[in-house]
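Please open the structure in your viewer with the cartoon shown and the side chains ready to switch on. The tour below moves from one selection to the next and says what is to be found at each.

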Amino acid sequence: MENLKMQSADQLLNLLNDLVSIGSISLSEAEIQFPLRVEHHLKQIPFFSTHPSYITNHLTTDGRSFLTALYKHEEAVKTVVMISHFDVVNVEDYGELKHLAFQPLELTEELFNRAEELPEDARADLESKEWLFGRGTMDMKCGLVQHMSLLEKASMEQWKLNLLLLTVPDEEVNSVGMREAVPKLLQLAEEHKLNYSLFLNSEPMFALEPNDKNHYFYTGTIGKIMPAALCFGKETHVGEPLSGLNAAWMTSVLTQEIEWNENLCETVNGQMSPPPTLLWQRDLKKDYTTQIPHRSVSLYNLLLMKRNAADVMEAMRGIAETAAKKMEKFMLEKYQTFQLDSSHLPKIRVVLFEELREYACNKMGDEFITLLEQSVVTQTIGDSREQSIQVVDQLAMLCQELGPMIILFYAPPYYPAINTVDHPIIQQLSDSIIHYSNEEFGFELSPVDYFNGICDLSYAGLQGELSNMHRFDSNLPGGKELYSIPFQDMSKLTAPVINVGPIGRDAHKKTERLHMPFAFEQLPKLLTHLLLTHRDQ
């Protein structure tokens, strides 16, 4: 076993330091290059010297790639898919220490010279000398390091359990990597005759409240969807505001109904989803003029547990109708205040994008609308959210006779919720790792139904009816050419999911850090126990 390179605490630290040093920010050149470094390390494992074709880089449609590495035992019945992502968020928040953000050892050392600048909890962690600071240390290159270590250990010890490592780009933005990996997982299963029995992710533990010191693992992941609204009012000069309808005001009234709305929260087994919040709000005027804004858009973050796209759209329709009634009541009162004839005050429609598109197709023809959508997506500068907004705006301008209106639609991305807490395999594994942690390490490992950090496990299966997913596709401006989720293929992945990862703090902050004793000494043993328990189930 002298050839082992990814097992000791020092080896794991060195490997993590190497991978973090590649600043694989989403959509960067380093993100494109990163899988090659993982491949380099994996090729040091003797198993892959004799099975080089079992490591593959798969190109995504946008020129990035995800990597798979398969350890296969000829007598194994089960296959565990180990999922991770290697992209990280940008490092602008590090300020003058930005040059050290991807050098964890140097950054941690430098922070001792600036300890007084750190928040109290981060300073205490630094001074304990048990924490490693740096972008990607906990989110989530440590998880990838764990999976690489398990691949080496399993192959050297010849576990009678297949392991498929899958590491992907773009989790922090649109999850292009994981969405395109799903059909490839099905292909690999057919090619190698694999039976996927468990999906393991190793995203870090997230605190459930400030200063939370508990240890968690997760039997699912929370969902995220982005309902959006384009408010279409009526143009007028600012000198005659009562002759028009200000869309920016309409949007503010709608946002008032949605922001922190407890009716859009869910509670499952005592765990409550965070309330919705506004992510983006602006009018669609190109330049400053004295015309009031008569088109305005807003995007909302909504986290899901049991609900799906169909449920959310119905809830949004009800909320938008309530907002519309409040707008109409406000306008009526103001007309009365200014002693104006209110008999011609308009009613505000609530229209789903699928309804708007159908109306536009009936008016202009299917082919015209399809070509218009394609043209808008191609010519719009910006990301997929901007493209989806412009599609809605163009169709609304074609159908102005429907206004004033609130058009409801979806903007990318969509992470469906998944939870397999009741699956017999997960129940047995949960009991086993809870007992193991208590006996071996002396701490309580607590199960949580939903990982609250959002992750790619969302695509490792499909909960709910496949037919309900059509509601997302039909209300996504630009359609599958703009953004697509392989719902059909996801429905064929039926193995349960679990997330067991390192202890970390302050994801997406300049004080992001990893607890080293747990990550390099306890977690490898815990994950090994989990996999061997699953093998023997």
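The stops that follow take in two sheets, the helices that lie across them, and a nonpolar core. Please keep in mind throughout that this is a predicted model.

**First stop: a sheet of three strands.** Select strand S4 (131-133), strand S19 (504-505) and strand S20 (residues 513-515), which form an open sheet in the order S4-S20-S19 with antiparallel pairing. S4 and S19 stand at the edges, and each has a single partner strand, so one side of each is left without a neighbour in the sheet. Between S4 and S20 the antiparallel pairing extends over 3 bridges; to find one place along it, show Leu-132, whose bridge partner in S20 is Leu-514.

Now add two helices to the selection. Helix H5 (residues 120-128) lies across S4, S19 and S20, and runs at about 115° to S4. Helix H6 (residues 137-157) also lies across these three strands, running at about 50° to S20.

**Second stop: a sheet of five strands.** Move next to the open sheet in which 5 strands are arranged in the order S12-S13-S9-S15-S14, with mixed pairing. Its edges are strand S12 (277-283) and strand S14 (349-352); because each has a single partner strand, one side of each is left without a neighbour in the sheet. From one strand to the next, the twist averages 20°.

At the S12 edge, select strand S13 (residues 295-304), which pairs with S12 in the antiparallel sense over 6 bridges, and look for Thr-277, which stands opposite Asn-301 in S13. Then bring in helix H8 (residues 247-258), which lies across strand S9 (223-232), S12, S13 and strand S15 (405-415), running at about 15° to S13. Helix H10 (residues 353-364) lies across S14 and S15, and its direction is at about 85° to S14.

**Third stop: the nonpolar core.** Which residues have the most contacts inside the largest nonpolar core? Select Leu-163, Tyr-196, Phe-199, Ile-406, Tyr-414, Phe-472 and Val-500, which hold that position in a core of 180 residues. The largest share of this core, 11 residues, comes from helix H9 (residues 309-337).

Finally, centre the view on Tyr-414 and display what surrounds it. Leaving aside neighbours within four places in sequence, Tyr-414 is in contact with a set of residues including Lys-224, Ile-225, Leu-304, Asn-308 and Ala-309. Also among the contacts of Tyr-414 are Tyr-459, Met-469, Phe-472, Tyr-483, Ile-485 and Phe-487.

Methods: Residues are numbered from 1 along each chain as its sequence is written. This is a predicted model: local features need pLDDT of at least 70, side-chain atom pairs count only at pLDDT 80 or more; totals for chains, interfaces and linings use all residues. Side-chain values use heavy atoms; hydrogens and water are left out. A nonpolar core is a set of buried Ala, Val, Leu, Ile, Met, Phe, Trp, Tyr and Cys residues joined through side-chain atoms within 4.5 Å. Buried means under 20% relative accessible area, exposed over 50%, partly exposed in between (1.4 Å probe, protein chains only). Helices (H or I, at least four residues) and strands (E, at least two) are DSSP runs, numbered from the N terminus. Contact means heavy atoms within 4.5 Å. Two strands pair if DSSP finds at least two bridges between them. Axes are lines fitted to C-alpha atoms, for helices over the stretch in contact, and angles run from 0 to 180 degrees between N-to-C directions.
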